[in-house]
Amino acid sequence: MRNSLKSLIDFTMRRIMGFGGDVPRTEDVQNSILKLLQDHGKIEAIQVVELLYNNHARDRMVREVLQAAQILVNHGQIQAFDAGTRIDPVYGNEATQFKLVL
């Protein structure tokens with residue numbers, strides 16, 4: 001039991017500090033979103049997942065993409081839309097569309 005607790009603590013610390021874990025760092029997801037937007041103009045959250053993170057749990061990665069997009073919205077770098085209406089990405093879903101702020 002002691003080894004399993006140590007493993008859990010090690011995994012948690014690596015995840016918190018950005019060393020390993022099964023989810024990319026938020027900064028990496030932000031950079032991925034920006035790169036895809038530069039290449040494609042507009043993109044949906046699910047497209048980010050399918051193009052770059054398809055080896056991760058889909059629902060979890062959609063949430064990660066939406067969180068990363070929220071930071072980019074807060075910094076004025078992108079906008080997010082749901083059915084043509086601007087939204088905060090954290091309230092979005094896999095169909096939430098992103099575009100660069102010009």
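**Exercise 1. Locate Glu50 and state its exposure.**

Solution. Glu50 lies in helix α3, residues 45–52; helices (H or I, at least four residues) and strands (E, at least two) are DSSP runs numbered from the N terminus. The model is predicted, so local features need pLDDT of at least 70 and side-chain atom pairs count only at pLDDT 80 or more, while totals for chains, interfaces and linings use all residues. Residues are numbered from 1 along each chain as its sequence is written, and side-chain values use heavy atoms, leaving out hydrogens and water. With a relative accessible area of 45%, Glu50 is partly exposed, a class between buried (under 20%) and exposed (over 50%), taken with a 1.4 Å probe and protein chains only.

**Exercise 2. Describe the order of the sheet and identify its edges.**

Solution. First, the order: four strands form an open, antiparallel sheet, β1-β4-β2-β3, where pairing requires at least two DSSP bridges between two strands. Next, the edges: β1 (42–44) and β3 (85–86) each have a single partner strand, so one side of each lacks a neighbour in the sheet.

**Exercise 3. Examine the pairing of β2 with β4, then the helices on the sheet.**

Solution. Strand β2 (residues 78–82) is joined to antiparallel β4 (residues 97–100) by four bridges. Ala80 stands opposite Phe98 of β4. Helix α2 (residues 26–40) packs on the sheet and touches β1, β2 and β4, its direction making about 75° with that of β4. Helix α3 also packs there, touching β1 and β4, at about 80° to the direction of β1. Contact means heavy atoms within 4.5 Å; axes are lines fitted to C-alpha atoms, for helices over the stretch in contact, with angles from 0 to 180 degrees between N-to-C directions.
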